[in-house]
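I opened this notebook to record where empty space is left in the structure, and which parts pack around that space. The entries follow the order in which I looked things up.

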Amino acid sequence: MSVNASAQQKAAILTEALPYIQRFRGKTIVIKYGGNAMTDEHLKQDFARDVVLMKLVGMNPVVVHGGGPQIGETLTRMGVTSEFIAGMRVTDAQTMQVVEMVLGGQVNKEIVNLINQAGGRAVGLTGKDACLIRARKLLVRDRASANPDDLVDVGQVGEVERIEPDLIHLIAEQDMIPVIAPIGVGPAGETYNINADLVAGKLAETLKAEKFILMTNVAGLLDKSGTLMTGLSPERVEGLIADGTIHGGMLPKIACCLSAVQHGVRTAHIIDGRVEHALLLEVFTDEGVGTLIGGEA
């Protein structure tokens, strides 16, 4: 009886998912992978299987990952103290070497291996490969300083100037999954450390993705009573920023989502990566597991 019940349950899940599979077949979905989903062993396996399944049913997932905690741990083991200004890690030449080693080597290769072990065919890249991510130096404002309006140089920290998508298209056409570390290259060959959310958002815009999904350690956008909000228009989100409902560390993520849906991405999603199979639940169910912004119903 339990076997039959399990079979019926699986059939119901597949029946519910079928319209979404048909709807998103051939569509590009850019996923920023981070948070607990990137550190919890069980959730890491779930993520890899989810991405492989998306590819198997005809979608084109593109993964961009972060790695701040791993960079911090490596620097600490080396006896290097990290300094942050306006939320950005001050990145001198030594720190940049560590960032490139951890993001482009350790973290990227682990994700590629997880996806391959789950039955997929992943290819690891950094933004330096084929000049995928063209970057320029980012200057920030330190609001905690005596001169908060002055621009501060935080070293080899960059912002996206443009994305060269040919390599991504080529990999997708070969039925493989790109996994991208957020390292960019400057006009003179300089290496830049770039915020992964920003890279993922700009990549989604360039690829005109169907969906831009940010995996986080929160349930999504909450109203002032703590209730999850979804199905939000860009105008509604801007109102929530103006009245202070959206504030603090969520603001940069929301800025990425707004920019994406205003530049050709159909929907942006902030989802709870602490939930098992969060990606599949967001893509293949009506309820989802987070906040959806913009796009058509």
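**Entry 1: the largest pocket**

I sorted the lining of the largest pocket by class and got 21 nonpolar, 17 polar and nine charged residues. I note here that the model is a predicted one.

For the volume of the largest pocket I have about 1300 Å³. The lining holds 47 residues, and G87, M88, N195, A196 and D197 are the closest to the centre of the pocket.

Next I looked up which elements supply at least two residues each to this lining. The helices among them are helix 3 (68-77), helix 6 (196-207) and helix 8 (250-261). The strands among them are strand 4 (88-89), strand 6 (133-141), strand 7 (151-163) and strand 11 (211-216). Which element gives the most to the lining of the largest pocket? I found helix 6, with six residues.

**Entry 2: the cavities**

I then turned to enclosed space and counted two cavities of 30 Å³ or more.

The largest cavity has a volume of about 50 Å³. I list its lining as A37, L43, D46, F47, D50, M215, G273, V275, H277, A278 and L279. Helix 2 (41-56) and helix 9 (278-284) are the elements that give two or more residues to this lining. The largest share, four residues, comes from helix 2. By class I have seven nonpolar, two polar and two charged residues in the lining of the largest cavity.

The second largest cavity holds about 30 Å³ of space. Around this second cavity I noted Y33, M38, K44, Q70, V107, E110 and I111. Here the largest share of the lining is from helix 4 (residues 93-117), which supplies three residues. The classes are four nonpolar, one polar and two charged.

**Entry 3: helix 2 against helix 4**

Both helices had come up in the cavity linings, and I looked up how they pack. Two packed helices are described by the angle between their axes and the distance between the axes. For helix 2 and helix 4 I have an angle of about 65°, with the axes 8 Å apart. The crossing of helix 2 with helix 4 is right-handed.

From helix 2, the contact is made by K44, Q45, F47, A48, V51 and V52. From helix 4, the contact is made by E110, I111, L114 and I115. I sorted the residues of this contact into seven nonpolar, one polar and two charged.

I also see that K44, E110 and I111 are in this contact and in the lining of the second largest cavity. F47 is in the contact and in the lining of the largest cavity.

**Entry 4: the aromatic pair**

Last, I looked for paired aromatic rings and counted one pair. Are the rings of Y33 and F47 stacked or edge-to-face? The ring centres are 3.7 Å apart and the planes are at 5°, so I put the pair down as stacked.

Y33 lies in strand 1 (residues 28-33) and F47 in helix 2, so the pair ties together parts that are 14 residues apart in sequence. I had met Y33 before in the lining of the second largest cavity, and F47 in the lining of the largest cavity.

Key:
Residues are numbered from 1 along each chain as its sequence is written. This is a predicted model: local features need pLDDT of at least 70, side-chain atom pairs count only at pLDDT 80 or more; totals for chains, interfaces and linings use all residues. Side-chain values use heavy atoms; hydrogens and water are left out. On a 1 Å grid over the protein atoms alone, a cavity is a set of points where a 1.4 Å probe fits but cannot get out, and a pocket is an open set with protein on both sides within 12 Å along at least five of seven lines; lining residues have an atom within 4 Å of a point. Grid points are joined across faces, edges and corners, and a volume is the space filled by probe spheres set on the points. Ala, Val, Leu, Ile, Met, Phe, Trp, Tyr, Cys and Pro count as nonpolar, Asp, Glu, Lys and Arg as charged, and the others, Gly among them, as polar. Axes are lines fitted to C-alpha atoms, for helices over the stretch in contact, and angles run from 0 to 180 degrees between N-to-C directions. A crossing is left-handed if the near helix is turned anticlockwise from the far one by less than a right angle, and right-handed if clockwise. Contact means heavy atoms within 4.5 Å. Rings of Phe, Tyr and Trp (its six-membered ring) pair if their centres lie within 6.5 Å; planes under 30 degrees apart count as stacked, over 60 as edge-to-face and the rest as tilted.
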